[in-house]
Amino acid sequence: MTNTFFDVLIVGGGPAGCAAAASLARRGHDVALITRPAPPAKWLAESIPGSARKLLERVGALDALDAAGLVPNEGNTVWWAGEPRRDERFGAPERGFHAERAALEAAFQGVAREAGARLVAEGPVVATAAEPDGWRVGTSGARYRGRWVLDASGRAGVLARRGLRTRERGIATLALVGRWTPNRGHAPPDPGCTLIESYRDGWAWSVPTSPRTRCVTAMVDPRRTHLARERGLDGMWRAELAKAARLGRRLEGGRLQGPVRACPASLYGATLHGRPGLLLVGDAGSFIDPLSSYGVKKALASAWLAAIVAHTGLEDDAMAGPACELYDDREREVYRTYRALSVPFLEQAAAANDHPFWEARLDAARAAGGGIREPVAAPGASGASGMLEPGERSLAEDRAEAFLGSEEVRAAYETIRALPSVRLRPAAGLEIVSAPAVAGDRIALEPHLVSERLPGGARYVRNVDLRLLVEVAPTLDQVPDIYEAYNRRADPAPLPDFLAALALTVGAGFLDLASDA
């Protein structure tokens, strides 16, 4: 047995673990990426929407995936809740990727290795322990020590299962997964497209993994879906696809390659996603339904932020706590927002089918989403409205962006637009507090504006600096003059974005507004 010390130990060699490893290695840290010795089975498949391309570029993986020969993700075909077929097609710049899990992991591991991370493929992790100066992770071949450990082990949850994982009560999901290929002379259906169909007591989806193969999966609840158990897994899979009649018809003239597998696919979250020295990354921290093709994108966003948090903690011990607080808040909000976003289409399915399968899922989504109603986004949508985009905006900015749609902001906008001049002053309830935020490749404490209406605080909205705006606005009484003064002191903002931000400062209770006498 050998002992080796690293700055960061990352458990799990999937997209999340590799993205975090590559990002940290590029920042000069010694990183060990501990993964399985053999690639995952070919029958597992992943889908990445085109909206993830910017995020892939941020973690340094876009060129590698473009060069890997993966099947382009060209769009979605959806039959949901008895509604007419919906087609969404992506142009070339908007295409994402479909891939067998093994091919996707190979591409990502190449990115991590090229960035300077050390890949350790010595068998499963058999022991983990916290130590005074970090963590110890043991495999069957060696023991490794590190100042920080990132659990990116997915559903296995090597560290997440040690009292941190939570499951939504009342629902369970089993995925019946088959690898399909057309018979000779038949063309594969809808090349490059994801297929999704709901039915009375389950739903099914399919993605292409090569020019002649597709991963076809039925999502069922063993307690509520009527399963043909007497037929074995292959028979159950075929019976479920018969329920998904339109997707099933597209697979006529084909055959299974190998046996059907059953995989656990229930949703879960975590009581804590991060504390100094430990982060749960990607699916290790939470798992969502693949209805929006958001799973890999969510994992990559988690990895991007986790790398910044770990880098911050390694460079500045005093910032480790605030950085982990930001990370935990962000991961909780991503899960909560997804669950809230799923409510409308679960309502559609429950209304169309009147079955406990959908009723239980709807109740669970409402509870997990905190009762917040998000705009309807059809399953498979590549740019689901309301979904947080880690790596694009801060959590505070997401909250401020959401508040732009409130009655208070709309009323403030109409009032400002109607007045010949404005008189603004800091509101009595305005507070300015320091809160963690992403600043380049670090987490830093920045001033945030807090009020009763936005207790979570806000600093930017649509790239307008609210802290500067509340300083400039009270000194002038004409909106064009305020706009010009703001642009002299900050990066120029488009006028519509500036006006939205100004209305928000009033609607949120940062500034009080009165007309001139």
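**A friendly note on this predicted model**

1. Let's begin with helix H1, which is mostly covered: of its 12 residues, 11 are buried. Please keep in mind throughout that this is a predicted model. The buried residues of H1 are Pro15, Ala16, Gly17, Cys18, Ala19, Ala20, Ala21, Ala22, Ser23, Leu24 and Ala25.

2. The length of H1 also checks out. The helix covers residues 15-26, and at 1.5 Å a residue its 12 residues should span 16 Å; the C-alpha atoms at its ends are 16 Å apart, so the two values agree. After H1 comes Gly28, which has a positive phi, near 95 degrees.

3. Next, the pocket. The largest pocket has a volume of about 1300 Å³. Its lining is made up of 50 residues, and those nearest the centre are Leu44, Glu46, Arg101, Arg155 and Asp283. By type, the lining residues divide into 31 nonpolar, 13 polar and six charged.

4. Now to the aromatic rings. The structure holds seven aromatic pairs. One of them joins Trp80 and Trp358 in an edge-to-face arrangement, 5.5 Å from centre to centre and with 80 degrees between the planes. This pair links distant parts of the chain, 278 residues apart: Trp80 sits in the loop between strand S5 (75-79) and strand S6 (86-89), while Trp358 belongs to helix H9 (residues 356-368). Are these two residues buried or exposed? Both Trp80 and Trp358 are buried.

5. Another pair is worth a look. The ring centres of Tyr486 and Phe498 lie 6.0 Å apart and their planes meet at 45 degrees, so this pair is tilted. Tyr486 is in helix H13 (residues 479-489) and Phe498 in helix H14 (residues 495-507), with their positions 12 residues apart in sequence. Tyr486 and Phe498 are both buried.

6. Going back to Trp80 and Trp358, these residues also belong to one aromatic cluster, together with Phe345 and Phe357.

7. Finally, have a look at Tyr460. This residue is placed in strand S25 (residues 460-461). How exposed is Tyr460? Its relative accessible area is 29%, and because buried means under 20% and exposed over 50%, Tyr460 counts as partly exposed.

8. What does Tyr460 touch, leaving aside residues up to four places away in sequence? Its contacts are Glu397, Ala400, Glu446, Asp465 and Leu466. Arg399 is another residue to view alongside Tyr460: the two are 61 residues apart in sequence, and their C-alpha atoms are 10.0 Å apart in space.

Technical notes
Residues are numbered from 1 along each chain as its sequence is written. This is a predicted model: local features need pLDDT of at least 70, side-chain atom pairs count only at pLDDT 80 or more; totals for chains, interfaces and linings use all residues. Side-chain values use heavy atoms; hydrogens and water are left out. Helices (H or I, at least four residues) and strands (E, at least two) are DSSP runs, numbered from the N terminus. Buried means under 20% relative accessible area, exposed over 50%, partly exposed in between (1.4 Å probe, protein chains only). Contact means heavy atoms within 4.5 Å. On a 1 Å grid over the protein atoms alone, a cavity is a set of points where a 1.4 Å probe fits but cannot get out, and a pocket is an open set with protein on both sides within 12 Å along at least five of seven lines; lining residues have an atom within 4 Å of a point. Grid points are joined across faces, edges and corners, and a volume is the space filled by probe spheres set on the points. Ala, Val, Leu, Ile, Met, Phe, Trp, Tyr, Cys and Pro count as nonpolar, Asp, Glu, Lys and Arg as charged, and the others, Gly among them, as polar. The expected span of a helix is 1.5 Å times one less than its number of residues. Rings of Phe, Tyr and Trp (its six-membered ring) pair if their centres lie within 6.5 Å; planes under 30 degrees apart count as stacked, over 60 as edge-to-face and the rest as tilted.
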